[in-house]
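Q: Could you take a close look at one part of this model with me, and then show how it sits among the other features?

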Amino acid sequence: MIRIEDVIAKVEVNRPSPDIDLIRRAYLFSALHHRGQKRASGEPYLVHPLEVADILADMRLDEVSVATGLLHDVVEDTLVDLDTIKSYFGDEITSLVDGLTKIAHISNLSKEKQQAENVRKMVLAMITDVRVVLIKLADRLHNMRTMKFLKPEKRARISQETLDIYAPIAHRLGMGKLRSELEDLAFQNLHPDEYKRLAKEVDARRPELEATLDKIQATIRARLTENDVPFVAVEGRVKRLYSLWKKLKRQKITMEQVYDLIAARIITPNERKYCYLTLSVIHDTWTPVPERFKDWIAIPRDNLYQSLHTSVVGDGGQAFEVQIRTEEMHQVAEEGVAAHWKYKEKKLGSHEHDESLDELRKTVEKLLLPLVEDNQGDDDSENFVESLKLDLFPKDVYAFTPMGKVIQLPRGASPIDFAYAIHSEVGDSCTGAKINGRIVPLKTELQNGNVVEILTTTNSKPSRDWLNHVVTAKARNRIRHWISQQQRIDSIELGRKLLEKESDRFRVSAKKLINDETEMKRIANEYGLGRPEDLLASIGYGKTLPRNVLSKFLGAEKFAELDPEGRKETRIESGMKAVKKFIGLGEDAIVVKGVDNFLTTRARCCNPLRGEDIVGYISLGKGIVVHNKRCKNVAQLMINKDRIVDVEWAKSDQKEIQSVRLLATTENRTGMLAGITNAIAEIKTGIRDARANVSRDDRGLIEVTVEVFDKKHLDKVVGSIAQVPGVIAVERIHA
């Protein structure tokens with residue numbers, strides 16, 4: 001167990017004249033109020049805040065941050081309130097603890113909405129004081145390091161959240177070292193079998209790879225010395241497992257085809273010229289790989305990362321990557337915004353203004369303000385998180401306006417993204433684009449160095465199809481907003497007509513009902529809606545039945561007297577049950593939360609399996625169509641929030657068999673099909689179909705249709721196939 005003296009020792013080394021008394025008082029306060037509490041491991045709870053403080057000390061943060069690390073859970077997990085914190089530790093620490101508590105504690109919301117609200121609060125907190133999020137990242141890192149004591153389901157949930165949100169935020173803040181550890185720990189918990197298999201494969205080659213790295217480093221040192229090019233250090237590394245796994249899966253390649261499986265890193269003195277001199281020596285020594293050179297010094301990444309990257313071919317055809325950066329660049333690459341922290345100098349009789357927090361805040365605003373601006377006006381927290389995920393990842397396409405202004409966009413961006421990056425009104429009125437003087441389709445993918453001219457007309461409006469060709473949150477949110485507004489207008493008008501038609505059948509004056517604002521508002525409130533227009537829109541979307549609205553308007557007795565159809569509703573309900581059984585869903589396979597006897601069907605595009613996260617969408621004529629939440633089509637459906645309903649898997653002991661198609665990409669050699677079918681048979685899983693082909697790049701493509709009960713069963717099948725020697729990747733095929 002780490003001791004408070006170890007933390008204090010680090011603070012004293014890293015910071016001049018620190019307030020050690022503040023840290024000691026925070027430690028004693030935390031120890032007193034966490035007394036008797038235990039972690040899932042059985043250790044005293046105090047171990048956790050101590051470890052968080054130690055991580056913050058390693059980041060070289062100030063004593064206020066370290067003290068807050070010791071106190072970060074006291075308000076959430078003990079009886080201590082903020083006023084007590086304020087009386088003992090002052091306003092600054094109270095503000096940080098308050099920020100952390102708000103992120104961690106949101107009640108009366110679903111788990112998904114809790115995560116969404118947490119992220120929204122976290123991003124906004126970063127703008128005010130980045131220390132809130134640095135402490136939160138340290139907290140998450142220690143929790144990830146000690147997850148083995150939690151239940152598998154909780155480990156998977158926390159790990160997925162870490163990959164989706166925390167690792168990308170660490171990346172956005174330039175904290176490469178922390179991001180890497182978070183990703184590898186999450187990978188280990190989410191895909192334990194694939195992690196072990198890949199680790200075993202890398203470990204088997206490690207002696208050979210490290211020997212090659214030693215030789216490369218020695219050659220670099222010798223060649224730089226010969227050419228009188230100064231350097232501070234030459235390092236080597238084998239590619240991280242998560243990064244390697246992602247590349248193998250994305251590109252469907254073997255480990256031998258990975259250019260940056262090993263890499264050398266050269267740290268130069270703090271002058272850019274030495275980086276470029278070093279690059280020339282590297283290219284003179286080994287043959288560079290075409291199109292594998294990146295200059296992140298001339299144009300830094302948006303997270304302040306700067307470095308030269310080049311891939312070369314060494315002795316025996318071994319390809320490897322070389323990264324070249326100065327000492328300052330290296331510190332920023334490893335520690336991000338934490339590397340920009342300026343030490344406080346305290347002098348006797350001096351009360352100089354401390355600008356460190358102001359400078360850090362400006363740096364963070366530059367990194368994160370676009371996230372908030374691109375998503376402003378989006379009141380839906382889950383949309384905010386989805387957009388945030390899009391914007392947190394690396395941006396490395398640089399295009400130019402005809403006037404020479406540089407526009408930085410994510411990979412895969414289109415002219416539509418470019419138009420919205422210039423201005424929202426330019427995007428809304430976009431009708432076409434020219435790239436390098438030639439008219440191109442709006443779906444064209446932009447490349448580095450393109451000169452893009454946007455063509456506009458006054459009456460032009462966004463199209464739903466644009467959503468298939470944009471990757472930035474700003475463009476996506478603006479298009480969705482416009483479509484949502486138009487569809488709401490249409491739905492209100494349709495709802496009005498449907499209510500009028502139903503009123504005629506009951507011989508009720510539709511105008512009397514619709515124009516009675518008080519009564520319409522009362523009925524709307526009963527459905528949890530705010531305004532009469534919301535009620536009409538809900539009818540138009542198909543979410544609320546007009547006859548039910550009339551029932552609430554007339555009252556149960558009067559409605560029963562006027563009902564022209566008598567008990568037809570009951571017969572429809574019976575028919576729904578019969579249809580459910582006939583199509584094989586089972587009466588209780590999927591249920592709509594809070595509603596009985598709704599016809600549900602599974603979307604063919606994703607065919608959700610029991611155990612997967614699902615969402616329902618009201619589709620005219622098909623009842624509620626249920627999608628996997630990760631389905632590629634869900635993003636577009638989310639435009640119509642009023643047609644989204646909460647659905648869940650019904651509790652049932654009966655096992656339901658579903659057919660799932662899988663595609664295995666393999667080495668092209670004899671026996672692969674037999675090996676895969678044997679692996680499936682060994683775990684007692686039925687095979688409905690199996691066939692093999694060869695791709696143009698001489699890979700084996702083996703498609704199998706298997707019978708599974710749920711997501712866990714499918715994961716087991718995929719893991720079993722992945723372990724067959726010669727299998728490169730396994731993926732599920734959707735219709």
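In which helix do lysine 136 and aspartate 139 lie, and how many residues apart are they?

A: Happy to. Please keep in mind that this is a predicted model. Lysine 136 and aspartate 139 both belong to helix α8, which covers residues 131–145. They sit 3 residues apart, about one turn of the helix. Their side chains meet in a salt bridge, with an N to O distance of 3.6 Å. Both partners are buried: lysine 136 is, and aspartate 139 is as well. As a general point, side chains of opposite charge can pair when their charged atoms come close.

That pair can be set beside other salt bridges, of which the count for the model comes to 37. Aspartate 534 and arginine 531 meet through their side chains at 3.7 Å, N to O. Here the two partners fall into separate classes of exposure. Aspartate 534 has 18% relative accessibility, so it counts as buried, the limit being under 20%. Arginine 531, at 46% relative accessibility, counts as partly exposed. Another bridge joins arginine 669 to glutamate 667, whose closest N and O atoms are 3.1 Å apart. In this case arginine 669 is partly exposed at 40% relative accessibility, and glutamate 667 is partly exposed too, with a relative accessible area of 36%. Salt bridges also link Arg179, Glu183, Asp184 and Arg240 in a network.

Aspartate 534 leads on to a helix of its own. It is one of the buried residues of α22, a helix that runs over residues 532–541. Because 9 of the 10 residues of α22 are buried, the helix is largely enclosed by the rest of the structure. Besides aspartate 534, the buried residues are Pro532, Leu535, Leu536, Ala537, Ser538, Ile539, Gly540 and Tyr541. The cover over them includes three helices, α19, α21 (517–526) and α23 (546–554), together with strand β14 (614–619).

Helix α19, one of those covering elements, spans residues 473–505 and contains aspartate 490. On the surface, Asp490 gathers with Glu493, Glu500 and Asp504 in a patch of negative charge.

Strand β18 makes a good next stop. This strand runs over residues 658–667 and holds threonine 665. At 3% relative accessibility, threonine 665 counts as buried. Its C-alpha atom is separated by 5.5 Å from that of isoleucine 728, although their positions lie 63 residues apart along the chain. Leaving aside neighbours within four places in sequence, threonine 665 touches Lys252, Arg699, Gly700, Leu701, Gly726, Val727, Ile728 and Ala729.

A comparable pairing across the sequence involves asparagine 303, found in the loop between β4 (294–295) and β5 (308–313). Asparagine 303 counts as buried, with 5% relative accessibility. Asparagine 303 and histidine 171 are 132 residues apart in sequence, and their C-alpha atoms are 7.2 Å apart in space.

Pairings of this kind can be put in the context of the chain. Among contacts in the protein chain with a separation of 6 or more, 66% are between residues 24 or more positions apart.

For backbone geometry, two loop residues are worth a look. In general, most residues other than glycine have a negative phi. Aspartate 228 has a positive phi, near 55°. It is placed in the loop between α11 (192–226) and β1 (233–238), and at 68% relative accessibility it counts as exposed. Asparagine 436, also not a glycine, has a positive phi of about 55°. Its loop is the one between β9 (430–435) and β10 (438–440), and at 49% relative accessibility asparagine 436 counts as partly exposed.

Finally, here is the chain as a whole. It has 735 residues, of which 48% count as buried, and it contains 28 helices and 21 strands. The exposed area is about 37100 Å², with carbon and sulfur atoms supplying 49% of it. Against that background, the starting pair in α8 is a salt bridge whose two partners are both buried, whereas the bridge between arginine 669 and glutamate 667 has a partly exposed arginine and a partly exposed glutamate.

Methods. Residues are numbered from 1 along each chain as its sequence is written. This is a predicted model: local features need pLDDT of at least 70, side-chain atom pairs count only at pLDDT 80 or more; totals for chains, interfaces and linings use all residues. Side-chain values use heavy atoms; hydrogens and water are left out. Helices (H or I, at least four residues) and strands (E, at least two) are DSSP runs, numbered from the N terminus. Buried means under 20% relative accessible area, exposed over 50%, partly exposed in between (1.4 Å probe, protein chains only). Contact means heavy atoms within 4.5 Å. Accessible areas come from the Shrake-Rupley method with a 1.4 Å probe; for residues, only the protein chains shown count as cover. Patches are made of residues with over 30% relative accessible area and no salt bridge: like charges are joined within 9 Å, nonpolar side chains (Val, Leu, Ile, Met, Phe, Trp, Tyr) within 5 Å. A salt bridge is a side-chain nitrogen of Lys or Arg within 4 Å of a carboxyl oxygen of Asp or Glu. Lys and Arg count as positive and Asp and Glu as negative; His and the chain ends are not counted. The place of a charge is taken as NZ of Lys, CZ of Arg, CG of Asp or CD of Glu.
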